[in-house]
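Here's a small set of exercises to work through with the viewer open. Try each task yourself before reading the solution.

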Amino acid sequence: MTTSHTPTAAATYGRIVDPANRPDPYPLYAALTDAPIHRLGDHEWLVSGFAEIGALLRDPRMSVQDPAVEPDPNGPLGSDGRPFRSGFLSLDPPHHDALRGQVAHAFAERIVGLRPRIEELVDGLVDRIAADGAGQVDVVEQLAYPLPVSVICELLDVPRSEEPVFHSFAERLTRGLDPVDTLSETEIAELAVTRGQWRAYLMPMIAERVAHPGTDLISALLTGGPEVGPRSQDTDRMNGIELGVTLGLLLIAGHETTVNLIANGTLALLRSPAALAEFRAHPETAPELVEEVLRYDPPVQMTRRFATAPVRVAGQEVPSGDRLALLLAAGNRDPRRFAEPDRFVPGRPDPAHLAFGGGLHYCLGAALARMEAQVMLTAIARRFVAPRLVMDPPYRTNMILRGPSALQMAFDGVLP
Ligand code: HEM
């Protein structure tokens, strides 16, 4: 049997989205291991198998565009000449590829060589905690939150004084990553206002870069230049609204996700003294540690796709037009793929995971996120003396970008 029964899977899904289960949804995911795909309702499916999710993410019959949401025909146009729809995370080819192509190269170039600067930023944050002399830190507020926003502001050459503004926009815009049908009318209206404010905030900055281009990412996207890569024609160039939305996408897609990765990694280490001791003895294993955190407790728990043609998934026929929830975090614990999936085992021999998605929409910021987490977790393990968890952390209510809202860690001192 490859499909589980509707009522049971739908009931389990109901418990997964219930905020009361945010601290530990993993037993609920384990309850889905009887089948890799589950029918949730008439046109809705839940996919929990590692191989099936991986294949669907790479399947050209899968769309990220919600057919129920049409762009405003009287609104602004995209550079493809059609009514503007959204950032490229929620766009299908060919427009997705045109926009992503312009960012990908310029972004990747700026990540190379960034590690020493990230180390400096992380050391600065830990030094500040050492100077406090408090013996206790909220890892989320004092370490995980400040780092990604500083890094993205430096990539965009935004002054330090603007970081709180970016931080506040990131928090408010992040709600827009959730499926539209999980938002209330008030939230949708608030989001529209915030998006307008974000564009108004960026306009003078963009005008300034047009007049005086620098070496930053915004200037690269505006002026083109060889490092942005070849373009078939000038109309491929992103226009003003696309640039604003793309910058917002980089900010929100890279913010809370990275915060969660750092917090989830710290929590996993504090709950596993053997793994922490091993990592302290071998800090060069930071890459393996971070891959296991990404598998064991991924910052993005789920994504969605829409079938544009009938598809067979594990022997089950999914009709065209149906919606599929891809439970990345359940795939990462699939016992068909991983030995002892519920154990945190840095350096496990089969580390591949679904935390950054796959296929066309594979995370653009994966290299940056890995670097930030590796540097931060190394500093936490190296500099804090006898770090320990004060209490089980509270969680934000968000189901898709899941992570602790605070993480209190006690320690006996901070090494230089
Ligand atoms: C631990 C940190 C991160 C995680 C777990 C993560 C996860 C993901 C996932 C799962 C997707 C694919 C979504 C889908 O297919 O539906 C994605 C896409 C994306 N991510 Fe990340 N991300 C992280 C950090 C970042 C950072 C630091 C940035 C940039 C500053 C970033 C930028 C993006 C962008 C632009 C996309 C859309 C790619 C496309 O549609 O072609 N992410 N990310």
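**Exercise 1: Around the ligand**

Arginine 305 puts a polar side-chain atom 2.7 Å from an oxygen atom of the ligand. Keep in mind that this is a predicted model. Task: find which residues are closest to the ligand, and how the shell around the ligand divides into nonpolar, polar and charged.

Solution.
- Step 1. Start with the polar contacts. Besides Arg305, histidine 96 has a polar side-chain atom 2.6 Å from an oxygen atom of the ligand. For histidine 361 the distance from a polar side-chain atom to a ligand oxygen is 2.6 Å.
- Step 2. Ask which elements give two or more residues to the shell: these are helix H4 (95-111), helix H11 (240-253), helix H12 (256-271) and strand E6 (303-307).
- Step 3. Widen the view to the whole shell. The ligand is surrounded by 27 residues, and the closest are His96, Thr303, Arg305, His361 and Cys363.
- Step 4. Sort the shell by type: 17 nonpolar, eight polar and two charged residues.

**Exercise 2: The iron and the cysteines**

Task: work out which protein atom is the donor to the iron, then say how many disulfides there are.

Solution.
- Step 1. Look at the iron atom of the ligand. The protein gives it a single donor, the SG of Cys363, 2.3 Å away.
- Step 2. Place that residue: cysteine 363 belongs to the loop between helix H15 (328-331) and helix H16 (366-383). Cysteine 363 is partly exposed, at a relative accessible area of 27%.
- Step 3. Now try cysteine 153. The closest cysteine sulfur to its own is that of cysteine 363, and because the two are 18 Å apart, they're too far for a bond. A disulfide would need the sulfurs within 2.5 Å.
- Step 4. Count up: zero disulfides.

**Exercise 3: A covered helix and what follows**

Task: decide whether helix H7 (residues 146-155) is mostly covered or mostly open, and check the backbone just after it.

Solution.
- Step 1. Count buried residues, using under 20% relative accessible area as the cut-off. Eight of the 10 residues in H7 pass, so the helix is mostly covered.
- Step 2. Name some of them: Leu147, Val151, Ile152 and Cys153 are among the buried residues. Cysteine 153 comes out at a relative accessible area of 0%.
- Step 3. Move on to aspartate 157, which follows H7. Its phi is positive, about 55°, although this residue is not a glycine.
- Step 4. Put aspartate 157 in context: the residue is in the loop between H7 and helix H8 (163-174). At 46% relative accessibility, aspartate 157 is partly exposed.
- Step 5. Compare with glutamate 340, another non-glycine with a positive phi, this time about 40°. Glutamate 340 is in the loop between H15 and H16.

**Exercise 4: Strand pairing**

Task: trace the strands that pair with E6, then give the order of the strands in the open sheet that holds E12.

Solution.
- Step 1. Strand E4 (residues 62-63) runs antiparallel to E6, and two bridges join them. In that pairing, serine 63 has phenylalanine 306 as its bridge partner.
- Step 2. Go to strand E9 (residues 323-326): four bridges join it to E6, again antiparallel. Here phenylalanine 306 is partnered by arginine 323.
- Step 3. Check how enclosed E6 is. Four of its five residues are buried, so the rest of the structure largely encloses it.
- Step 4. For the open sheet, three strands line up as E5-E12-E11, with antiparallel pairing. Strand E5 (136-138) and strand E11 (388-389) are the edges, each pairing on one side only.
- Step 5. Zoom in on E11 and strand E12 (residues 408-410), which are joined by two bridges. Leucine 389 sits opposite methionine 409 there.

**Exercise 5: Loop details**

Task: find where the cis peptide bond is, and say what the side chain of serine 86 reaches.

Solution.
- Step 1. Scan omega: the bond joining proline 93 and proline 94 is cis, with omega about 5°. Proline 94 belongs to the loop between E4 and H4.
- Step 2. Serine 86 also lies in the loop between E4 and H4. With a relative accessible area of 18%, serine 86 is buried.
- Step 3. Follow its side chain: the contact is with the backbone oxygen of serine 90, at 3.4 Å.

Technical notes:
Residues are numbered from 1 along each chain as its sequence is written. This is a predicted model: local features need pLDDT of at least 70, side-chain atom pairs count only at pLDDT 80 or more; totals for chains, interfaces and linings use all residues. Side-chain values use heavy atoms; hydrogens and water are left out. A residue is near a molecule or strand if one of its heavy atoms lies within 4 Å of it. A polar contact is a pair of N or O atoms within 3.5 Å; within protein, one must be able to donate a hydrogen and the other to accept it, and residues adjacent in sequence count only if both atoms are side-chain atoms. Ala, Val, Leu, Ile, Met, Phe, Trp, Tyr, Cys and Pro count as nonpolar, Asp, Glu, Lys and Arg as charged, and the others, Gly among them, as polar. Donors are N, O and S atoms within 2.8 Å of the metal (3.2 Å for Na, K and Ca); water is not among the atoms, so sites may look incomplete. Buried means under 20% relative accessible area, exposed over 50%, partly exposed in between (1.4 Å probe, protein chains only). Two strands pair if DSSP finds at least two bridges between them.
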